[in-house]
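Here's a quick briefing to read with the model open beside you. Take it topic by topic and click along as you go.

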Amino acid sequence: QYQLTRKSSLTQDMIFYAGHPEIRFVTRINWQDHHRFLKTAFDTSIQSEFSRHEVQFGSIKRPTTRNTAEEKAKFEVSNHKYTDLSETRYGIALLNDCKYGISVKGGQMRLSLHKGGLRPDDTGDTGVHDCTYSLYPHDTGFKAETVIQPAYALNVQPVQISGKGDIPSLIQADVPNLIIETIKPCEAADSAYIVRLYEAEGTYTPVRLTFGHSFSSLSETNLLEEDLRNLPAEGQVAALVFKPFEIKTIKVRLRSF
């Protein structure tokens, strides 16, 4: 437990795992101050000209230097589930479940945890707040397996229920950088559902999608779920090609029984 100020405190469990390199910080903040800014900082020896920060359906790069006025203006940038600082063969990712501001300068990563703002609600930042973040070293450069998938695992916890049974995967991709982001009912058809996927590393990628059930047809749609083109399939397998960071929406029509 840390006494941050006379009025504010922080309680933290630091969790080490035997099977993988993640260090997880499960944190509860009792915040009772105004106009104060709380960050957590990690100093590394990584040398990289830029860091990667997740945005929806991809990532952005931001400089780690402060050589120009433009770079100085980017001292605080947004990140969703991860920020990664990598060389070609080694890197460190900072994962989080709800804190979306960070600054990276040189090899230091400083995640913003809390602030004492008073507008528009002068009590909005006061009280008890929970968050979890993780330091995740990896012995490769930036990859889906070592950064993006662990970030999803931190944010999307499995739902546990009693009982057991063999349930096939609804849909699987044969490459790790293809993320199946959303599965939802089709708005315009009762016997169909929607799959939204994207390429997450920023690279051209052929992919084979394997469905755990039979279907009558597949089609690619726009965001309004209006058909654009039919997709060929062999049995329960469909082959697609994604451009860097490309998003695709697929309509899966089920067979009538």
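Is D227 buried, partly exposed or exposed? D227 is partly exposed, since its relative accessible area is 40%, and the window for that label runs from 20% to 50%. Keep in mind that you're looking at a predicted model. D227 makes a handy way in, as its side chain meets that of K251 in a salt bridge, and there's more on that pair below.

**The chain as a whole**

- The protein chain has 2 helices and 21 strands.
- Along the principal axes, its C-alpha atoms fill a box of roughly 70 × 45 × 40 Å.
- The chain runs to 257 residues, and 44% of them count as buried.
- Take the contacts with a separation of 6 or more: 65% of them come from residues 24 or more positions apart.
- About 14800 Å² of surface is accessible, and carbon and sulfur atoms hold 51% of that.
- On the charge side, there are 30 positive and 31 negative charges, and their mean positions sit 4 Å apart.

**A nonpolar patch on the surface**

- Y2, L4, M14 and F16 make a nonpolar surface patch of about 420 Å².
- F16 belongs to strand β2, which covers residues 9–16.
- F16 counts as exposed because its relative accessible area is 58%, and the cut-off for that label is over 50%.

**Around D227 and K251**

- In the D227–K251 salt bridge, the N to O distance is 3.3 Å.
- D227 sits in strand β18 (residues 227–231) and K251 in strand β21 (residues 247–253), so this pair ties together parts 24 residues apart in sequence.
- The two partners differ in burial: D227 is partly exposed at 40%, while K251 is buried with a relative accessible area of 7%.
- T221 touches both of these residues, and its contacts beyond four places in sequence also take in E226, L228 and T249.
- T221 itself is part of strand β17 (residues 217–221), and it is buried, with a relative accessible area of 4%.
- E225 is in the loop between β17 and β18; at 10% relative accessibility, E225 counts as buried too.

**Other salt bridges**

- The total count for the model is 15 salt bridges.
- R229 pairs with E220, with the closest N and O atoms 3.0 Å apart.
- R229 is partly exposed, at a relative accessible area of 43%, whereas E220 is buried at 10%.
- Shared partners link salt bridges into one network made up of E220, R229, E246 and K248.
- E22 and R24 form another salt bridge, where the closest N and O atoms are 2.8 Å apart.
- Both ends of that one are buried: E22 has 6% relative accessibility and R24 has 16%. Each falls on the buried side because the cut-off is under 20%.

**Y90 and its surroundings**

- Y90 is in the loop between β8 (82–86) and β9 (91–96).
- With 37% relative accessibility, Y90 counts as partly exposed.
- Which residues does Y90 contact, leaving aside its neighbours within four places in sequence? They are I46, P137, H138, D139, T140 and G141.
- If you want a sense of scale, Y90 and K251 are 161 residues apart along the chain, and their C-alpha atoms are separated by 39 Å.

**Backbone spots to check**

- As background, most residues other than glycine have a negative phi, and most peptide bonds are trans.
- The peptide bond from R119 to P120 is cis, with omega near 5 degrees.
- P120 is in the loop between β11 (108–115) and β12 (127–138).
- F57 isn't a glycine, yet it has a positive phi of about 60 degrees.
- You'll find F57 in the loop between β5 (50–55) and β6 (58–63).
- E225 is another non-glycine residue with a positive phi, in this case near 65 degrees.

Technical notes
Residues numbered from 1 in each chain as written. Predicted model: local features only at pLDDT ≥ 70, side-chain atom pairs only at ≥ 80, totals over all residues. Heavy atoms only, no water. Helix = DSSP H or I, 4+ residues; strand = E, 2+ residues; numbered from the N terminus. Buried < 20%, exposed > 50% of the residue type's maximum accessible area, 1.4 Å probe, protein only. Contact = heavy atoms within 4.5 Å. Areas by Shrake-Rupley, 256 points an atom, 1.4 Å probe, with all protein chains shown as cover. Lys, Arg positive; Asp, Glu negative; His and termini not counted. Charge placed at Lys NZ, Arg CZ, Asp CG, Glu CD. Patch = residues over 30% accessible without salt bridge, like charges linked within 9 Å, V, L, I, M, F, W, Y side chains within 5 Å. Salt bridge = Lys/Arg side-chain N within 4 Å of Asp/Glu carboxyl O.
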